[in-house]
Amino acid sequence: MAKRNQKNGARGGRAMLWGVGLGVLSAAVAMVYLGMLNTCETLGQQIKRLEVQQFELHKRVVNEERNWAAARSIRNMEQLMARHGIAMSWPDQRNIIRMRPAEPTQFAAQGGGVARRD
């Protein structure tokens, strides 16, 4: 029986197999990288949008607090009473009941009281 020609033997096939495997692996890593990059960009855009929304809401809160402080001022109350024809005056000194501030409790002294808002 004659010998087989091993000039184009199994060695070339192994190199091709390793090349294909390495190509598939690098393609998978590239797809994972692109997916993570897309997710990060989406989250970054969402964070920017939420920061803008937070800034706008903070502006609205400050504006409403200023409006509320102006609305409950004494001058504004007097103008409203005059506009609606309400005749009121300050009470006499003998009709005013003055109360002393309450003694701080142990809970409030330890910082457990109501927290102030920024």
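The accessible surface of the protein chain in this predicted model comes to about 12400 Å², and 60% of that area belongs to carbon and sulfur atoms. Of the 118 residues in the chain, buried ones make up 1%, a figure that rests on counting a residue as buried when its relative accessible area is under 20%. The secondary structure consists of three helices and zero strands, so that, under the DSSP-based assignment, the chain reads α-α-α along the sequence.

Helix H1 spans residues 10-71, and leucine 34 is found in this helix. Leucine 34 has a relative accessible area of 48%, and because this value lies between the limits of 20% and 50%, the residue is classed as partly exposed. Together with Met31, Tyr33 and Leu37, Leu34 forms a nonpolar patch on the surface, and the four residues jointly contribute about 440 Å² of accessible area.

Helix H1 also carries a pair of charged residues, glutamate 56 and lysine 59, whose side chains meet in a salt bridge with an N to O distance of 3.9 Å. Side chains of opposite charge can pair when their charged atoms come close. In this case the two residues are three positions apart in the helix, and therefore about one helical turn separates them. Both ends of the pair retain some accessibility: glutamate 56 counts as partly exposed at 38% relative accessibility, and lysine 59 likewise counts as partly exposed, at 44%.

The structure holds two salt bridges, and the other one joins the side chains of aspartate 92 and arginine 94, with an N to O distance of 3.7 Å. Here the two partners fall into separate accessibility classes, because aspartate 92, at 42% relative accessibility, counts as partly exposed, whereas arginine 94, at 71%, lies over the 50% limit and counts as exposed.

What remains to be described is the largest pocket, in which about 150 Å³ of space lies. Its lining is made up of Ile74, Met77, Glu78 and Met81, joined by Met88, Ser89 and Trp90. Sorted by class, this lining comprises five nonpolar residues, one polar residue and one charged residue; the charged member is Glu78 and the polar member is Ser89, while Ile74, Trp90 and the methionines at positions 77, 81 and 88 supply the nonpolar part.

Notes. Residues are numbered from 1 along each chain as its sequence is written. This is a predicted model: local features need pLDDT of at least 70, side-chain atom pairs count only at pLDDT 80 or more; totals for chains, interfaces and linings use all residues. Side-chain values use heavy atoms; hydrogens and water are left out. On a 1 Å grid over the protein atoms alone, a cavity is a set of points where a 1.4 Å probe fits but cannot get out, and a pocket is an open set with protein on both sides within 12 Å along at least five of seven lines; lining residues have an atom within 4 Å of a point. Grid points are joined across faces, edges and corners, and a volume is the space filled by probe spheres set on the points. Helices (H or I, at least four residues) and strands (E, at least two) are DSSP runs, numbered from the N terminus. Buried means under 20% relative accessible area, exposed over 50%, partly exposed in between (1.4 Å probe, protein chains only). Patches are made of residues with over 30% relative accessible area and no salt bridge: like charges are joined within 9 Å, nonpolar side chains (Val, Leu, Ile, Met, Phe, Trp, Tyr) within 5 Å. Accessible areas come from the Shrake-Rupley method with a 1.4 Å probe; for residues, only the protein chains shown count as cover.
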